[in-house]
Amino acid sequence: MARIISIANQKGGVGKTTTAVNLGASLAASDQKTLIIDCDPQGNTTSALGFPKDPARRTLYQALILEESIERITLDAQVEGLELIPSDKNLVGAAVELVNMENREYRLKAAIAGIRDKYEYVLIDCPPALDLLTLNALAASDSVLVPIQCEYLALEGVSELLDTLMRLRRTINPTLAIEGILLTMYDDRTTLSKQVAADLRSFFGGQVFETVIPRNVRLAEAPSHGMPVMFYDIHSKGAESYVQLAKEVITNAQKRVGQGSERADQGTRAESAAAAIAGADGGRTITGPNSSTTGGDGTSGGDGGSSSSGAS
Ligand SMILES: Nc1ncnc2c1ncn2[C@@H]1O[C@H](COP(=O)(O)OP(=O)(O)OP(=O)(O)O)[C@@H](O)[C@H]1O
Ligand SMILES: [Mg+2]
């Protein structure tokens with residue numbers, strides 16, 4: 001039975017798609033049959049896996065809105081053990097059309113229920129928004145992996161995201177776990193990157209993956225060649241880091257099996273982290289021992305209500 005992991009952060013350009021494509025390929029290369037669902041109308045995962053735009057191609061839209069069989073939409077991703085449910089800009093329409101549909105948050109869950117047994121992992125690449133597409137992804141998932149770029153204001157939006165995740169646990173998906181927080185675009189030559197990483201670790205502790213994804217030009221180049229980085233330059237630091245991440249994901253899964261269940265404290269820890277970020281000074285400033293660089297902008301932590309209205 002596949003573990004279904006959403007890769008989500010409403011902040012744009014933090015490495016969601018890069019992670020979906022390269023973690024997916026690395027899992028497949030580790031003999032873990034994997035399906036990647038491109039749930040973003042930008043279709044970046046689809047093109048990064050070598051599928052150029054094609055108006056005739058069926059996409060996730062047909063499955064979500066027209067209830068076409070998901071198997072008829074699934075493509076082989078030219079990597080053994082890796083399959084793709086593609087997307088294109090028509091999915092924008094789905095986000096709108098879903099609003100008035102019955103069970104609007106659960107349509108992706110229903111669409112993929114019958115294919116879970118075929119895979120070890122299903123990764124869902126979410127759009128940079130807390131919209132109905134992302135809610136469908138999170139409702140269908142066992143866990144969420146949150147990429148965070150190691151830069152100034154790294155926590156911008158993380159409070160809102162965690163807040164929304166906790167609300168989802170109370171509403172549409174009580175068992176949603178945090179797969180992990182992934183530090184991306186890490187540059188070990190800058191003290192800023194180091195400081196941001198240290199802040200995030202002191203704040204989120206064991207929820208942060210040990211693997212860190214470095215800033216690496218090969219990772220940025222590979223999509224234009226339509227292939228995961230491990231097939232573009234296996235010796236690059238970027239390829240190595242995603243292979244390492246896949247190992248960590250698999251090891252964590254084995255540990256969970258060993259413990260006989262999900263790490264039950266995950267949600268609670270995320271909840272207190274969310275509260276701590278949103279609370280205290282009313283902003284998003286990290287107030288850990290190493291704080292100072294990832295500080296907030298002073299805007300309200302908010303309740304995220306406007307951007308996640310589909311959950312209520
Ligand atoms: N570790 C990295 N090193 C160098 N470039 C990277 C790295 N990760 C991602 N990039 C580049 O940064 C840009 C944004 O990455 P990506 O598309 O994965 O982010 P995203 O979160 O999916 O964006 P969006 O929110 O628009 O969907 C891309 O051009 C990508 O190639
Ligand atoms: Mg993306």
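Hi everyone. A nonpolar core, as I'll use the term, is a set of buried Ala, Val, Leu, Ile, Met, Phe, Trp, Tyr and Cys residues joined through C-beta atoms within 7 Å. Please keep in mind that this is a predicted model.

With that in hand, the largest nonpolar core here has 86 residues. Inside that core, the residues with the most contacts are V122, L123, I124, A137, I148 and L200.

Let's take I148 from that list. Setting aside residues up to four places away in sequence, I148 touches N9, V14, A154, V158, I181, L182, L183, T184 and L200.

Next, P147, which is part of strand β6, residues 143–149. Is P147 buried or exposed? P147 has 24 C-beta neighbours inside 10 Å, and the cut-off for buried is 20 or more, so P147 counts as buried. Beyond its neighbours within four places in sequence, P147 contacts I7, N9, V14, G15, K16, T19, L182 and T184. Then there's L183: 36 residues away from P147 in sequence, yet the two C-alpha atoms are 6.0 Å apart in space.

Now for helix α8, residues 191–204. How far apart should its ends be? Well, α8 has 14 residues, and at 1.5 Å a residue, counting one less than the number of residues, the expected span is 20 Å. The end C-alpha atoms of α8 are 20 Å apart, so the model agrees with that expectation. The buried residues of α8 are S193, V196, A197, D199, L200, F203 and F204. Looking down the helix axis, these buried residues fall within an arc of 160°, which means they line one face of α8. You'll recognise L200 from the core list. Right after α8 comes G205, with a positive phi of about 55°.

A quick stop at L135, in helix α6, residues 132–140. L135 has 26 other C-beta atoms within 10 Å, so L135 is buried too. From L135 to R104 is 31 residues in sequence and 9.1 Å in space, C-alpha to C-alpha.

Last, the part you docking folks may like: ligand 1. How many residues surround ligand 1? There are 20, and the closest are G12, K16, T17, T18 and P128. Elements giving two or more residues to this shell are α1 (16–29), β7 (177–186) and α9 (217–221). Of these, α1 supplies the largest share, three residues. Sorted by class, the shell has seven nonpolar, 10 polar and three charged residues. And K16, one of the closest to ligand 1, is also a contact of P147.

Thanks for listening!

Methods. Residues are numbered from 1 along each chain as its sequence is written. Chains are lettered from A and ligands numbered from 1 in the order in which they are written. This is a predicted model: local features need pLDDT of at least 70, side-chain atom pairs count only at pLDDT 80 or more; totals for chains, interfaces and linings use all residues. A residue is near a molecule or strand if its C-beta atom, placed from the backbone, lies within 6 Å of it. Helices (H or I, at least four residues) and strands (E, at least two) are DSSP runs, numbered from the N terminus. Ala, Val, Leu, Ile, Met, Phe, Trp, Tyr, Cys and Pro count as nonpolar, Asp, Glu, Lys and Arg as charged, and the others, Gly among them, as polar. A residue is buried if 20 or more other C-beta atoms lie within 10 Å of its own, exposed if 12 or fewer, and partly exposed in between; C-beta atoms are placed from the backbone. The arc is that of the directions from the helix axis to the C-beta atoms. Two residues are in contact if their C-beta atoms, placed from the backbone, lie within 7 Å.
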